[in-house]
Amino acid sequence: MNEVKVSNEELQRIYNDLPKFYDRANAMISFFQDVKWRAELIKTVKSYCNNPKRILDVASGKGELSYVISKLIKTDIVMVDYAENMLKSSLIEGDKVLASFYNLPFRDNVFDAVVSSFALHAADDIGAVVKEMTRVSRKVVGVIAMGKSDNWLLRNYVAFYLRFIQPYLAALVGAKPLDYKYIYYIYRKIPTNSQLKSIISKIFDLKVFKVKALGSVYIFVGLKKREQGKEGEKSIKEEKIV
Ligand SMILES: C[S@@+](CC[C@H](N)C(=O)[O-])C[C@H]1O[C@@H](n2cnc3c(N)ncnc32)[C@H](O)[C@@H]1O
């Protein structure tokens with residue numbers, strides 16, 4: 001497995017250029033680690049896919065992950081999300097497609113890499129989304145999202161934090177506590193990290209699976225199995241460009 005580190009210089013460059021309206025609540029609830037973890041994901045993806053020409057950011061939101069990609073890799077970026085307002089207020093230029101991650105409106109093997117950050121935990125069927133991401137990728141799939149430790153003590157410690165502390169931390173930077181309580185309800189229903197690992201191992205060749213923050217965040221990177229992909233389909237079928 002590749003051990004990838006993000007250098008201080010790289011992080012500094014990303015932070016320096018971060019737009020002022022960057023989501024402060026996100027940073028606050030992850031103890032200001034979210035940008036670093038996104039950068040770690042992208043560097044890990046890059047280590048498995050040199051010079052990607054086109055990358056898809058799934059459930060991109062305003063493009064926080066796309067923004068990090070644009071700082072670390074020279075490539076075309078396509079963002080897809082089902083919330084039109086998110087795409088409209090995006091942080092970077094690039095193609096934006098309005099669609100659900102269960103049904104990506106692209107042909108097979110169109111992107112060199114397909115990535116996603118802090119969104120997959122919201123899916124009722126994470127495996128179905130990872131399958132769909134793998135279908136449209138030619139090579140690599142990389143994800144960072146909220147996970148759940150297999151250790152009972154850690155799991156309950158994080159549950160307490162998400163239910164009683166994090167919503168009020170978010171309030172400190174102006175967010176509504178209630179808006180953040182839903183994260184606790186998502187946490188209750190997601191699979192544990194080892195269950196998730198077993199689901200995705202059946203979908204592609206899993207290369208990296210690591211956890212952060214007491215198992216409450218995972219990063220994984222997988223390679224499409226050879227027999228899964230027909231090489232070289234180039235065109236993108238876009239349903240709706242915002
Ligand atoms: C917490 S935001 C994450 C945004 C960004 N990727 C980041 O790193 O901060 C979750 C995003 O997932 C999107 N999302 C949730 N369910 C989705 C679905 N079924 N299809 C497409 N996008 C979805 C939401 O609209 C939202 O923009």
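I began at the ligand in this predicted model, and found that one of its oxygen atoms is 3.3 Å from an N or O atom in the side chain of Glu64. Turning next to the nitrogen atoms, I noted that one is 3.2 Å from an N or O atom in the side chain of Tyr82, and that a nitrogen atom of the ligand is 2.9 Å from a polar backbone atom of Phe101. I then looked up the areas: the ligand, taken alone, exposes 590 Å², and the protein buries 85% of that.

Which residues of the shell are closest to the ligand? I counted 16 residues surrounding the ligand, and I wrote down Arg38, Ala59, Asp81, Phe101 and Ser117 as the closest. Sorting the residues of this shell by character, I obtained eight nonpolar, five polar and three charged.

I went back to Tyr82 to see where it sits, and located this residue in the loop that lies between strand 2 (76-81) and helix 5 (84-88). Is Tyr82 buried or exposed? I recorded Tyr82 as exposed because its relative accessible area is 68%, and the cut-off for that word is over 50%.

Last, I asked what Tyr82 is in contact with once its neighbours within four places in sequence are left aside. The contacts I listed for Tyr82 are Leu98, Ala99 and Ser100. For Ala99 I also looked up the spacing, and noted that Tyr82 and Ala99, although 17 residues apart in sequence, are 4.8 Å apart in space from C-alpha to C-alpha.

How values were computed. Residues numbered from 1 in each chain as written. Predicted model: local features only at pLDDT ≥ 70, side-chain atom pairs only at ≥ 80, totals over all residues. Heavy atoms only, no water. Helix = DSSP H or I, 4+ residues; strand = E, 2+ residues; numbered from the N terminus. Buried < 20%, exposed > 50% of the residue type's maximum accessible area, 1.4 Å probe, protein only. Contact = heavy atoms within 4.5 Å. Near = heavy atom within 4 Å. Polar contact = N/O pair within 3.5 Å; in protein donor to acceptor, adjacent residues only side chain to side chain. Areas by Shrake-Rupley, 256 points an atom, 1.4 Å probe, with all protein chains shown as cover. Nonpolar A, V, L, I, M, F, W, Y, C, P; charged D, E, K, R; others polar.
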